[in-house]
Amino acid sequence: MDAVYIPRLLKLSNQTETVDFQEYLPGLETLTPVQGSLRVTHHGNYLEVVGRAEAIVTLACDRCLQNYNHRLQMDASELIWLEEPDELPEGEPLEKELSVDELVETLPPRGYFSPSTWIYEQLCLQLPQRQLCDPTCPGIDLADTETKSLKPVDRRWASLEALRGNLLN
């Protein structure tokens, strides 16, 4: 997707650009192309961005470590303020204290808005923090791993295995 030049939005009807897309986004590994639509409207001192998208991603279950497919869906809107970035005087630290009111997305009024970056960020926010293939997933079967681990693979572990056997009895 091409970046949207913000001043060009003012020349469009309703100062709105709508983009329908179906493509793979760099940095987001999906089985299917990300498809959806995005509407960017210029409101003078801010942009209103409304979008929806969906794709299928492959995730690894946190319990059993098996891969599974997950439908990723996004239906989001955001206001992005248009203001020139603050110039840091020379010698000032790069870190700056911010108040809660200053925690908003801003773009320069004569800059560009990147739809693919915005969609990527919104889809990443929709990835589940707890990745489970099934809510009732039992996890890794420890019975199989315990029987395999009873035979020492390396003779240097034999004494530790004997101690473990004494503790379990």
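This passage describes the fold, surface, cysteines and backbone outliers of a predicted model.

The protein chain holds four helices and seven strands. Along the sequence, these elements run in the order β-α-β-β-β-β-β-β-α-α-α. A strand thus opens the pattern, and a run of three helices closes it. Contacts were examined between residues at least 6 apart in sequence. Of these contacts, 60% join residues at least 24 apart.

Of the 169 residues in the protein chain, 26% are buried. The accessible surface of the chain amounts to about 12400 Å². Carbon and sulfur atoms contribute 50% of that surface.

A nonpolar patch lies on the surface. Its members are Trp157, Leu160, Leu163 and Leu167. Together they present about 470 Å² of accessible area. Leucine 167 belongs to helix H4, which spans residues 158-168. The relative accessible area of leucine 167 is 67%. This residue is therefore classed as exposed, the cut-off being over 50%.

The cysteines form zero disulfides by the distance rule applied. Cysteine 61 illustrates the point. The cysteine sulfur closest to that of cysteine 61 is in cysteine 64, at 3.7 Å. A disulfide requires sulfur atoms within 2.5 Å, so this pair is too far apart for a bond. Cysteine 61 is also buried, with a relative accessible area of 1%. Cysteine 124, in contrast, is partly exposed at 29%. That value falls between the limits for buried (under 20%) and exposed (over 50%), so the intermediate class applies.

Two residues were noted for their backbone angles. Most residues other than glycine have a negative phi. Asparagine 14 has a positive phi, near 60 degrees. Asparagine 14 sits in the loop that links helix H1 (6-9) to strand S2 (16-23). With a relative accessible area of 69%, asparagine 14 is exposed.

Leucine 65 also has a positive phi, in this case near 65 degrees. The loop holding leucine 65 runs between strand S4 (46-60) and strand S5 (67-82). Leucine 65 reaches 57% relative accessibility and so counts as exposed. Both asparagine 14 and leucine 65 thus combine a loop position with a positive phi and an exposed state.

Terms used:
Residues numbered from 1 in each chain as written. Predicted model: local features only at pLDDT ≥ 70, side-chain atom pairs only at ≥ 80, totals over all residues. Heavy atoms only, no water. Helix = DSSP H or I, 4+ residues; strand = E, 2+ residues; numbered from the N terminus. Buried < 20%, exposed > 50% of the residue type's maximum accessible area, 1.4 Å probe, protein only. Patch = residues over 30% accessible without salt bridge, like charges linked within 9 Å, V, L, I, M, F, W, Y side chains within 5 Å. Areas by Shrake-Rupley, 256 points an atom, 1.4 Å probe, with all protein chains shown as cover. Salt bridge = Lys/Arg side-chain N within 4 Å of Asp/Glu carboxyl O. Contact = heavy atoms within 4.5 Å.
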